[in-house]
Every structure is written in structure tokens, then in C-alpha cells.
Amino acid sequence: MQQIDPQTLSFLRNRRSHPPKLLSGPPPSREVLMDLLVLAARVPDHGKLEPWRFVVLERATLDRLAPVLADHVAAAGGDAAAVEKARSAFASPVIVAVVSSPVDSPKVPEWEQVLSAGAVCLELVNAALAAGFGAAWLTGPAAQPEFARAHLGLGPQERIAGLIHIGQRGATPPDRPRPDVAAHTVFL
């Protein structure tokens, strides 16, 4: 018997990310954030490998890393606008780095494990939105392997799948144009 959940369908139909510049404090408490992470971990995971992990960047760490990221972008040849954008990339109340951490497996290819980490990113954004917070999934220079390994503790085989910005909602952003799904769909 088909069970329809109109509230969830409405949420999915209307969900939208909240750009970090619209987020304010306070961040979710550690207890609430842990609940959101538990929800985020309920994703497809072939072989139950858990090929991802979380690095939570709280305010003190974000404040410490903001000038380091700006210097990193400048050293890589970024112009003044790129350096300033990097400096402001850590302005959110809390950021959760979702780390893709593939596991050696004879059965589950690495690309499938990376997709599981991506699913964690979306599930965390949706969990935060459903809990009344604003949230967005971004990457940027902080997600680049060199910076992430040096400052976020990533191992050589790990990558940042997403930086999930979470905070109190500001004004609801206007909806953006959505894809023409019919133009991207084939029925066989």
C-alpha cells in the first residue's frame, strides 16, 4: 500500500539553500548538531563502509582559519577580490566539513563511496533546513586538498565533499530558476 507523506513532499518541493551571508548566530548547540549529523548519516552506503566523516568547525576555529585561508589564496595568486572572498568564507556560525574517506573494498568502487559522501552533504543540508536552520553546501578554496590536509586534518586519500554552512535563517532567498527536468529525462 502506497503511503504518501505530503509534508515531506512539500518540504522537498520548496526547499532552498540559504547563502552563508544570510546566516547568523547562534549556531545549533553541539547536542542539536550531533542529532543533525546522525540524520545526515542515514544515506545509501553499499557495504556499510561509512566512507565519510565529519570535521566540525566552530567559531574559534573559523576565526583562526579565516586569515590563513586568505593568505593561502593570495599565495596561490588570487586577486584582491578572491582573497577577500576567501577571508569571508568562514563567516558562518558553524561549518561542517563532510570528508569523503574511501575505504579499500573489493566490492564497492571508490566512485560509489564518493557518491555516498555527497549524499551525506545533501542530507545534512536538508536535516538542518527541516530543523529550522539555514544551511548551504559549498566548497571553495578551503576544500582544496592542500589546504584541507594542512588545516583540517585530512589524510592523503581524503577529500572534502562539501562544507556545510549552518546558522540561523535570515530572509528566505528568492527561488532560482530550476532545470527543465523533461529535457534531461529519457524513458526506455
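## Starting at the surface: Pro-156

At 63% relative accessibility, Pro-156 is above the 50% cut-off, so this proline counts as exposed. You'll find Pro-156 in the loop that links α6 and β4. How far is Pro-156 from Thr-185, 29 residues along the chain? Their C-alpha atoms are separated by 38 Å.

One thing to keep in mind as you look around: this is a predicted model.

## The whole chain

Now let's zoom out. The chain holds six helices and four strands. Walk along from the N terminus and the elements come in the order α-α-β-α-α-β-α-β-α-β. The radius of gyration is 18 Å, close to the 16 Å that the globule rule gives for 188 residues, so the chain is as compact as a globular protein of that length. If you drew a box around the C-alpha atoms along the principal axes, the box would be roughly 60 × 45 × 40 Å.

How much of the chain is tucked away? Of the 188 residues, 34% are buried. Take the contacts with a separation of 6 or more: 80% of those join residues 24 or more positions apart. On the outside, the chain exposes about 11400 Å², with 58% of that area coming from carbon and sulfur atoms. As for charge, there are 18 positive and 18 negative side chains, and the centres of these two sets lie 4 Å apart.

## Helix α2 and its two sides

Helix α2 covers residues 30-40, and its buried residues are Leu-33, Leu-36, Leu-37 and Ala-40. Why can we say that these residues line one face of the helix? Look down the axis of α2: the buried residues fall within an arc of 100°, so they line one face.

Turn to the other side of α2 and you meet Glu-31 and Val-38, which are exposed. So what covers the buried residues of α2? The cover includes two strands that are numbered early on, β1 (52-57) and β2 (94-100), along with α5 (110-130) and β4 (159-167).

## The loop between α1 and α2

Just ahead of α2 there is a loop worth a stop. Pro-26 sits in this loop, between α1 (6-14) and α2. The peptide bond leading from Gly-25 into Pro-26 is cis, and its omega is near 0°.

Leu-23 belongs to the loop between α1 and α2 as well. Is Leu-23 buried or exposed? With 9% relative accessibility, Leu-23 is under the 20% cut-off, so it counts as buried. Leu-23 and Gly-134 are 111 residues apart in sequence, yet their C-alpha atoms are 6.4 Å apart in space. Setting aside neighbours within four places in sequence, Leu-23 has contacts that include Ser-92, Pro-93, Gly-134 and Ala-135. Also among its contacts are His-18, His-165, Ile-166, Gly-167 and Gln-168.

## The loop between α2 and β1

On the far end of α2, the loop to β1 contains Lys-48, and Glu-50 is in that loop too. What is the phi of Lys-48? Phi is near 50° there, a positive value in a residue other than glycine. Glu-50 also has a phi near 50°, again positive in a residue other than glycine.

Both residues face outward in terms of accessibility. Lys-48 has 72% relative accessibility, so it counts as exposed. Glu-50 counts as exposed too, at 54% relative accessibility.

## A buried alanine in a loop

Our last stop is Ala-142, in the loop between β3 (134-138) and α6 (145-151). Its relative accessibility is 2%, so Ala-142 counts as buried. Which residues does Ala-142 touch, leaving aside neighbours within four places in sequence? Its contacts are Leu-69, Phe-90, Phe-147, Ala-148, Leu-152 and Leu-163.

Sequence distance can be worth checking against distance in space. Ala-142 and Gly-132 are ten residues apart along the chain, and their C-alpha atoms are separated by 26 Å.

Note on methods
Residues are numbered from 1 along each chain as its sequence is written. This is a predicted model: local features need pLDDT of at least 70, side-chain atom pairs count only at pLDDT 80 or more; totals for chains, interfaces and linings use all residues. Side-chain values use heavy atoms; hydrogens and water are left out. The radius of gyration is taken over C-alpha atoms; the globule rule is 2.2 Å times the number of residues to the power 0.38. Buried means under 20% relative accessible area, exposed over 50%, partly exposed in between (1.4 Å probe, protein chains only). Contact means heavy atoms within 4.5 Å. Accessible areas come from the Shrake-Rupley method with a 1.4 Å probe; for residues, only the protein chains shown count as cover. Lys and Arg count as positive and Asp and Glu as negative; His and the chain ends are not counted. The place of a charge is taken as NZ of Lys, CZ of Arg, CG of Asp or CD of Glu. The arc is that of the directions from the helix axis to the C-beta atoms.
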